[in-house]
Amino acid sequence: MKALSFPALIIFFLLSGCAHGPDTAVSPAAPAAPPQTRQVTAVPDSAKIPPEPPVKSSATETDLYGDIQGPEVDYGNTEIPGKAGGETTGEIADPLEPFNRAMYQFNDRLYFWVLKPVAQGYGKVVPETARVSVSNFFTNAAFPIRFVNCLLQANFSGAAEELGRFTVNTLWGVGGLLDPASSKEINLTKQDEDFGQTLGTYGLGQGFFINWPLLGPSSPRDTVGMVGDLFLTPSTYFSPWYAVAGIRAYEKVNSTSLKIGDYESLKEAAIDPYVAVRDAYIQYRLKKVHRQGGLSPGEKPAAPLN
Amino acid sequence: MKSLTAIALVLLVALLSPSGANAGGPFGPPQPSAKEAGGLHTGIGYWLQEDQYKDGSEQVMRQNQVYSELGYGSGKSWEITARVGMSDLNLPDAFSSSTPATSTSKRDFQEHWKFFGTAGAKGFHPFNQTFGMGVFIQGTYYFSDFSDNVSGNRNGVPFSADLAVRKLWDVNFGAGFQATLLRNVKLYAGPYVHYAEFKAVPSSNVTGIALVSGETTLKNKTAWGGFAGIELPLAMGFSLNMEGQFSERFSFGGSILYAY
């Protein structure tokens, strides 16, 4: 019975808690966005979760370190005018905080004990230029995700831009290893869209925060989006299964080798890294849902390999 | 005056060179496609290759090649290039019988796409802003065999035989003259020498069909050729290269290049 309660809880929140607010997407790694100094509406410490059911989050104030100054946990439907859906604040409920914190610790150890050492060793053996090329290749191969989600968001110019990028990078970028489409002359911007964002633009809220083992920060909506993205990822269709796992693991090691230090910086800057990561993730996804394709103002495009 | 003499000499050799040569793709303009500061260039292209081989009898070979190209070098002096592509192979009348006693189900050898690789290097010396001259070497190798099957009757007895075309390769060495016109349009031409060969390996011998009468090595009929082409700058860093190689058979193709 106890074993069923957790999945049941997830399904409950998935079904009931997604009608409002925040963002999207699934980013299995450490958060790509810098930590925000406030925002997290969720309760950082399970001991402080009010015993009562959800209360309005309007009065909620949580600082980076999770000191809640008011009642929290709004599963609610705070509709704020956004790109298309209702997401506008970077607040999210965190009813699974004990589980999330445990998974955070697990992922943290996994990063420091396994992923980082492997990525560092890999980085010492493989020159950065080659690693950037590999990263370009995987990005190019993920074109179907971006293209289809541009179409699902009625972002037809973005879809055309993605198609152009894929064509140019595949044909003149040596199968995607190089990224001539990002050059000044061609200047086709990558449309960083996924199913989670698409659901967000349809008005589906994030629901609550969930930290998956291995996959990292997410939400019910982004988890559903991640499954959708899987169907559009070419490597998913490789056989046998361990080939897929190997490709995914290599992609992860390669991408980690290019951003060692990002997670460490975020962690060092925060007194409660869990809250910082959660906050950064939510902000990051919120930002992505609220823009339509391309880059947000101030966002730097990935440097082309020249 | 000195440059004009060189130009005249190159053109003369190119125009008067005997035909019969073969090549595994375009040579490109003498001046490297990379930017002047140096760097990479990439490209995709199509090449229709025709050639004549001989070993006792003569055999025409026709190929459609599509390829992707990657080069690195300095815009004014040198460049190395690699291509990977796929090509079909057609040997017209390869299964035609020379005797009435043998009849076959088809005349032509045909096989679909197989991988090939090409590597090349070139050096360029500009005489002035307009004219320049360069030399190049380029070789192609086919990683896979081509094969086809023929069946028929020999004196009323049915037969079936496979023919494999193995170890097809070539190497080319040449020199080209280049004139750079307005808007950086480049015209070029020059002569080249060439060697190519492949092995024809039948599964059984059939009297009356030259290529199916025992293992043979065929080589290109003549070793000289001439080539000419044009490179047109397009928008956004792309350029279009079109080239023809003249011999007993005419080969031609085009590619779109991008310089980083």
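A salt bridge, as the term is used on this tour, is a side-chain nitrogen of Lys or Arg within 4 Å of a carboxyl oxygen of Asp or Glu. The model in the viewer is a predicted one, and by this rule the count over all chains comes to 22 salt bridges.

**First stop: a network in chain A**

Select A:Asp194, A:Arg221, A:Asp222 and A:Arg285 together, and you have four residues that are linked in a network of salt bridges. Within this group, centre the view on A:Asp222 and A:Arg285, whose side chains meet in a salt bridge with 3.4 Å from N to O. If you then colour the chain by secondary structure, A:Asp222 appears in helix H7 (residues 220–231) of chain A and A:Arg285 in helix H10 (residues 273–290) of chain A, so that the pair, 63 residues apart, links distant parts of the chain. Are these two partners buried or exposed? A:Asp222 has a relative accessible area of 0% and is buried, and A:Arg285, with a relative accessible area of 1%, is buried as well.

**Second stop: neighbours in sequence**

Move next to A:Asp108 and A:Arg109, which form a salt bridge whose closest N and O atoms are 3.2 Å apart. Here A:Asp108 counts as buried at 4% relative accessibility, whereas A:Arg109 is partly exposed, its relative accessible area being 36%.

While you are still in chain A, select A:Ile210, which has its place in strand E1 (residues 210–212) of chain A. This residue counts as buried because its relative accessible area is 1%, and the cut-off for buried is under 20%. A distance drawn from the C-alpha atom of A:Ile210 to that of A:Lys116 comes to 23 Å, the two residues being 94 apart along the chain.

**Third stop: where chain A meets chain B**

Show both chains now, and select the residues of each that touch the other: the contact takes 12 residues from chain A and 14 residues from chain B. About 1100 Å² is buried between chain A and chain B, and carbon and sulfur atoms give 68% of that area. Which three residues of chain A should be picked out here? A:Trp172, A:Glu185 and A:Ile186 supply 55% of the area that chain A buries against chain B, which is more than any other three residues supply.

Keep A:Glu185 in view and add B:Lys35, since the side chains of these two residues meet in a salt bridge at 3.6 Å from N to O. The count of salt bridges between chain A and chain B is 1, and the count of residue pairs in polar contact between them, with both residues at pLDDT 80 or more, is 5. Sorted by class, the side of chain A that touches chain B has 8 nonpolar, 3 polar and 1 charged residues.

**Fourth stop: chain B as a whole**

Hide chain A and show chain B as a cartoon, where the secondary structure comes to 1 helix and 13 strands. Following the chain from the N terminus, you meet the elements in the order α-β-β-β-β-β-β-β-β-β-β-β-β-β. The C-alpha atoms of chain B fill a box of roughly 70 × 35 × 25 Å along the principal axes, and buried residues make up 50% of the 260 residues in this chain. Among contacts in chain B between residues at least 6 apart in sequence, 67% join residues that are at least 24 apart. With the surface of chain B switched on, what is exposed is about 11500 Å², of which carbon and sulfur atoms supply 62%.

**Fifth stop: two places inside chain B**

Select B:Arg62 and B:Glu50, which form a salt bridge with their closest N and O atoms 2.9 Å apart. The pair, 12 residues apart, links B:Arg62 in strand E2 (residues 57–74) of chain B with B:Glu50 in strand E1 (residues 39–55) of chain B. B:Arg62 is partly exposed at a relative accessible area of 28%, whereas B:Glu50 counts as buried at 12% relative accessibility.

Finish at B:Asn220, which lies in strand E10 (residues 216–220) of chain B and is buried, with a relative accessible area of 8%. Which backbone atoms lie by polar atoms of the B:Asn220 side chain? The backbone oxygen of B:His194 lies 3.1 Å from a polar atom of that side chain, and the backbone nitrogen of B:Ala196 lies 2.9 Å from a polar atom of the B:Asn220 side chain.

How values were computed:
Residues numbered from 1 in each chain as written. Chains lettered and ligands numbered in written order. Heavy atoms only, no water. Helix = DSSP H or I, 4+ residues; strand = E, 2+ residues; numbered from the N terminus. Buried < 20%, exposed > 50% of the residue type's maximum accessible area, 1.4 Å probe, protein only. Polar contact = N/O pair within 3.5 Å; in protein donor to acceptor, adjacent residues only side chain to side chain. Contact = heavy atoms within 4.5 Å. Buried area = accessible area lost by both parts, 1.4 Å probe. Nonpolar A, V, L, I, M, F, W, Y, C, P; charged D, E, K, R; others polar. Areas by Shrake-Rupley, 256 points an atom, 1.4 Å probe, with all protein chains shown as cover.
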